[in-house]
Amino acid sequence: MKKFLCFLVSLLLLVAGMYAGSIDEGEKSALTLRANSMLMEDAKKNLAYLESHISLSKNDRERRSILYYTAMLEEQMGYFSKAAAYYAEAAAINEPDADGMPAASNAELYIYAARASLGAGDFEKADTYLDAKPLTSSRDKIIIAQKRLYSAWSLLCKAKDYASAEAGIATLKIFTDDHSMEPVRKTVLFTLWYVTREEIWADIIREEYPESPELSIIDGKIHLMGMPFWYLMPRAPLKEAFAESPDTQKTVEPAVAVEPKQVLNTASENLPTATVSVVSEPKTTHAAAKLQVGFFREQKNADVLIEKLKNAGFAAYSYTEQRSSGSTYYVVVVDDNENATMSKKLNAAGFECYPVP
C-alpha cells in the first residue's frame, strides 16, 4: 500500500511539473500542492500547508483550484466558516480549473459556500451566497434546483421550533410536484421525511428510489453524518423520549455506524445529497478528539441529552459555541478513546455522533 501511495504521489508530481510552465519560480502549482499534502498524515498540518500557499499563488487559475481544494478539506474537518470563505473566494475568480484538479463551475462553488455556511450556522451568509450572480443568472437546471433546495434548507434552519418551520415544510411539499425540481427530488423527499417524521415520504422514496442511500438511512442500514445544519432543522416531536421540546429533536435518530472518515461532502457530485460520500484526503492516523452527539439552542435540552448519555455509561459533557451569526449553541460531546471505537459504542447504544476537531 505504501509503495502504491508513493507511486501515486510521484506520478502527481510528475504531471504537475509538466503543467507548471506558466507558474512563477518559487510558486507551486495546485497539483503539486495537492500531491505534497497527500504525504502528510496530520490533517491540521495539511491544512496549514495549503493555507500558507494560497497567498503565494499569483496565477489566478492555480489560486482558484488551491482555494477550492483547501475549502473541501476545511469542510471535511468541520471548519465550515473557513470552507465557506474559500469556496466563495474561488468562485469570484473567473478562470478555468487548473490541470489535474477537481472541477467546479463558479455557480457550483457558491452552492458549496452556502452549504458550508449552513454548517457554520450562518444562515444569512448562506442566503447571500445563494443570491450570487452566477447562481441567479444560471440556466443550468441542476444548479437552479440546488439553489432552491438550499434556500429551503436555510429557511428550515432559521426556524426556532417545529411550529415555525411551517413555511419551509410547505415549500418542500410544493417542490414534490414541481418537475423542475426533479434533479433534487430524492433529497427533497428525504428532507420532508427527516423533518416531519411522516412515513408517507419514506414510502415514496422506497417506491421511487429503492436502491438509494437515502432509503438506507431511513431503514437504519447507514446513518446520516452530522453536517451541523441537520441538527439545526427542527423536527416533529416524538411521543417517546425528548417529546417535551421541539428543539430537543435536533438530535439524530440512531442508526448503524460508519467510519469517522466519512463526512458529508458533495463537492465532487453533481447533485446535493442527504447521504455520505467518502473523502480520502487528507489521510490521518489520529483519532478525533471529540464526538458530537447533540447541538442545541437551549441549555436545558443539552442537559437532558447529557443525562441520558451518562445513564448509558458515557462521560458526556457540553460546551458553548458562538457562531458568526452571533447565536450561541450548546454542543454535547463525548471524548473519543485511544482506539477510536467510541463512535461505534455510541451508535450501538442508539446515539448518533460524528467527529469534531
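A contact here means heavy atoms within 4.5 Å. In this predicted model, Glu-74 touches Leu-47, Glu-51, Tyr-79, Lys-82, Ala-83 and Tyr-86, leaving aside residues up to four places away in sequence. Glu-74 belongs to helix H4, which spans residues 60-77. The residue is buried yet has no salt bridge. Its nearest side chain of opposite charge is that of Lys-82, 4.5 Å away. A salt bridge requires a side-chain nitrogen of Lys or Arg within 4 Å of a carboxyl oxygen of Asp or Glu, and the separation of 4.5 Å between Glu-74 and Lys-82 is therefore not counted as one.

The setting for this residue is a protein of 357 residues, of which 53% count as buried. The protein has 16 helices and four strands. Among contacts between residues at least 6 apart in sequence, 66% join residues at least 24 apart. The protein exposes about 16,300 Å², and carbon and sulfur atoms supply 54% of that area.

The strands can be taken next, with S3 as the reference. Strand S3 covers residues 328-335, and six of its eight residues are buried, so the strand is largely enclosed by the rest of the structure. Strand S1 (residues 290-296) runs antiparallel to S3 and is joined to it by six bridges. Within this pairing, Gln-292 has Val-333 in S3 as its bridge partner. Strand S2 (residues 316-322) is also antiparallel to S3, with seven bridges between them. Here Tyr-319 is bridged to Val-331 of S3.

Charged pairs come next. Side chains of opposite charge can pair when their charged atoms come close. The structure holds 11 salt bridges. One of them joins Lys-158 to Asp-127, with the closest N and O atoms 2.6 Å apart. Lys-158 lies in helix H9 (residues 141-158) and Asp-127 in helix H7 (residues 123-130), so this pair ties together parts that are 31 residues apart in sequence. Lys-158 counts as partly exposed because its relative accessibility is 36%. Asp-127 is likewise partly exposed, at 23%.

Helix H9 also contributes Arg-148 to a pair with Asp-178, a residue in the loop between helix H10 (166-175) and helix H11 (185-196). The two residues are 30 apart in sequence, and the pair links distant parts of the chain. In this salt bridge the closest N and O atoms are 3.0 Å apart. Asp-178 has a relative accessible area of 22% and is partly exposed. Arg-148, at 30% relative accessibility, is partly exposed as well.

Further along the chain, Asp-219 forms a salt bridge with Arg-206, and their closest N and O atoms are 2.6 Å apart. Asp-219 sits in the loop between helix H13 (213-218) and helix H14 (228-232), while Arg-206 is in helix H12 (residues 199-208), so the pair ties together parts that are 13 residues apart in sequence. With a relative accessible area of 38%, Asp-219 is partly exposed. Arg-206 is partly exposed too, with 33%. This pair is not isolated: salt bridges that share partners join Asp-203, Arg-206 and Asp-219 into one network.

Technical notes
Residues numbered from 1 in each chain as written. Predicted model: local features only at pLDDT ≥ 70, side-chain atom pairs only at ≥ 80, totals over all residues. Heavy atoms only, no water. Buried < 20%, exposed > 50% of the residue type's maximum accessible area, 1.4 Å probe, protein only. Areas by Shrake-Rupley, 256 points an atom, 1.4 Å probe, with all protein chains shown as cover. Pairing = 2+ DSSP bridges. Lys, Arg positive; Asp, Glu negative; His and termini not counted.
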